[in-house]
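The exercises below are meant to be worked with the sequence and the coordinates open side by side. Each task sentence is followed by a solution that proceeds step by step.

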Amino acid sequence: MEPINETLKRVIKSPDFSTRYESVRNEIIEDPSVQKFISENDQQITKSVVDRGLIKLYEFSGQKQDCHDCPSVRECKNMMKGFIPKLVLTRGMIDLDYVQCSQKLVEDKRNLVSKMISSMHMPKDVLKARLEDVDFDEDGRIIAGVAANKFINAIRETGEVPAKGLYLFGKFGVGKSYLLGAIANELASMHIQTVLVYVPEFLKEMKNSIQDQTVHEKVDYVKKAPVLMLDDIGAETMSPWTRDEILGTIFHYRMAENLPTFITSNLDFKELEAHLATTAKGDQDSVKAGRIMERIVSTTVPIKLTGKNRRINQ
Ligand code: ADP
Ligand code: MG
């Protein structure tokens, strides 16, 4: 049997192959990006360097090298999605490096930011809120905006997350939850993780989790959040168990660990205390309610949001 390299030699020497090889070679070399690379390195790139590196040049010119008009990494046609080839010279030989494309860098950054927010039962519009879109047109909202900025700036200046959050209260529809979402997004852009919880649904979920024994795990996740946002506290039907074992545990942990909690409610402190003291069955326990309230009061700055009900105009 003829050795394989003899066969190759014969094929390469055949006029048909040589013509095709020449035409492919010319096509590759005429690629403007290849031309640019060759002229930038003309001291080192001889004809034989080009010939030996032709496969690399071929791989390079067959792929996209910039992706400004590329809609997303998912639709990337390159060999490695999200990576563009870059020609380099390694010890006198043409070689390829694969580098992340600008689209991939943008998408990775966006994904990292969205991973910074975990939400439980929160409406989608709240999660899209941005501080720059919040109109601070009413007094209460201006005060809330100043307080939110103070919290954020403290992190920028000291690198540490303040232990005190905000207690935003006011009527239905004034924009309390929206403001929470906007703060969470700002924190996410600074890579600070926030867990946003819609309290009435979360407490319902906790009751249902008793059966599958996931209560402990879920409470643990919430109580340990670097920043916790509890939306709409006071709108739930409270039982002694949800009050003491769920909320009580969460507040106790956060206070002990100096972790900030943001809260929104339709109720002011006094009204919330009364709400916590009364359970669904009508039982009163002002001692336990008082204990939770003490923790909320000492770990949040209360701010009343005023203004029109924004939901009416929708
Ligand atoms: P609350 O939590 O006080 O009941 P929301 O935060 O749910 O009120 O706000 C009610 C509606 O108004 C939402 O649909 C929200 O998208 C919109 N909204 C609230 N505040 C603002 C704001 N400052 N700028 C723009 N839209 C807002
Ligand atoms: Mg709300």
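**Exercise 1. Contacts of the ligand**

Which polar backbone atom is 3.0 Å from an oxygen atom of ligand 1, that is, to which residue does this backbone atom belong?

Solution. Before any distance is read, it should be kept in mind that this is a predicted model.

Step 1. The backbone atom belongs to Gly175, and its separation from an oxygen atom of ligand 1 is 3.0 Å.

Step 2. A further backbone contact is made by Gly173, where a polar backbone atom lies 2.7 Å from an oxygen atom of ligand 1.

Step 3. A side chain also takes part, since an N or O atom in the side chain of Asp125 is found 3.0 Å from an oxygen atom of ligand 1.

Step 4. Turning to the surroundings as a whole, ligand 1 has 15 residues around it, and those that come nearest are Gly173, Lys176, Ser177, Tyr178 and Arg311.

**Exercise 2. The setting of strand E7**

Determine which strands are joined to E7, and explain why E7 is described as largely enclosed.

Solution.

Step 1. Strand E4, which spans residues 165-169, runs parallel to E7 and is joined to it by 3 bridges. Within this pair of strands, Phe169 stands opposite Ser265 of E7.

Step 2. Strand E6, residues 227-231, is likewise parallel to E7 and joined to it by 3 bridges. Here Leu228 has Thr261 of E7 as its bridge partner.

Step 3. The connection can then be traced: from E6 the chain passes through helix H12 (residues 240-256) before it reaches E7, and the resulting β-α-β crossover is right-handed.

Step 4. Both faces of E7 are covered, with Thr261, Ile263 and Ser265 buried on one side and Phe262 and Thr264 buried on the other. Because 5 of the 5 residues of E7 (residues 261-265) are buried, the strand is largely enclosed by the rest of the structure.

**Exercise 3. A salt-bridge network**

Find which residues are joined with Arg25 into one network of salt bridges, and state how exposed each of them is.

Solution.

Step 1. The structure holds 13 salt bridges. In one of these, Arg25 is paired with Asp51, the closest N and O atoms being 2.7 Å apart. This pair links distant parts of the chain, since Arg25 belongs to helix H2 (residues 15-30) and Asp51 to helix H4 (residues 47-52), with their positions 26 residues apart in the numbering.

Step 2. Asp51 also forms a salt bridge with Lys47, for which the closest N and O atoms are 3.1 Å apart. Lys47 and Asp51 both lie in H4, 4 residues apart, which is about one turn of the helix.

Step 3. The accessibilities are Arg25 at 10%, which is buried, Asp51 at 25%, which is partly exposed, and Lys47 at 57%, which is exposed.

Step 4. Salt bridges that share partners therefore join Arg25, Lys47 and Asp51 into one network.

**Exercise 4. The two sides of helix H3**

Where do the buried residues of helix H3 lie when the helix is seen down its axis?

Solution.

Step 1. The buried residues in H3 (residues 32-40) include Val34, Phe37 and Ile38.

Step 2. Seen down the axis of H3, its buried residues fall within an arc of 95°, so they line one face of the helix.

Step 3. The face turned away from this buried side carries Pro32, Lys36 and Glu40, which are exposed.

Step 4. At the N-terminal end, H3 is capped by Asp31, a side-chain oxygen of which lies 2.8 Å from the backbone nitrogen of Ser33.

**Exercise 5. Positive phi in two loops**

Decide whether Gln213 and Asp232, each of which has a positive phi although it is not a glycine, are buried or exposed.

Solution.

Step 1. Gln213 has a phi of about 55°, and its place is in the loop between helix H10 (199-212) and helix H11 (215-223). With a relative accessible area of 67%, Gln213 is exposed.

Step 2. Asp232 has a phi of about 65°, and its place is in the loop between E6 and H12. Asp232 is buried, because its relative accessible area of 17% falls under the 20% cut-off.

Methods
Residues numbered from 1 in each chain as written. Chains lettered and ligands numbered in written order. Predicted model: local features only at pLDDT ≥ 70, side-chain atom pairs only at ≥ 80, totals over all residues. Heavy atoms only, no water. Buried < 20%, exposed > 50% of the residue type's maximum accessible area, 1.4 Å probe, protein only. Helix = DSSP H or I, 4+ residues; strand = E, 2+ residues; numbered from the N terminus. Pairing = 2+ DSSP bridges. Right-handed = clockwise from strand over helix to strand, strands pointing away. Salt bridge = Lys/Arg side-chain N within 4 Å of Asp/Glu carboxyl O. Arc of directions from axis to C-beta. Polar contact = N/O pair within 3.5 Å; in protein donor to acceptor, adjacent residues only side chain to side chain. Near = heavy atom within 4 Å.
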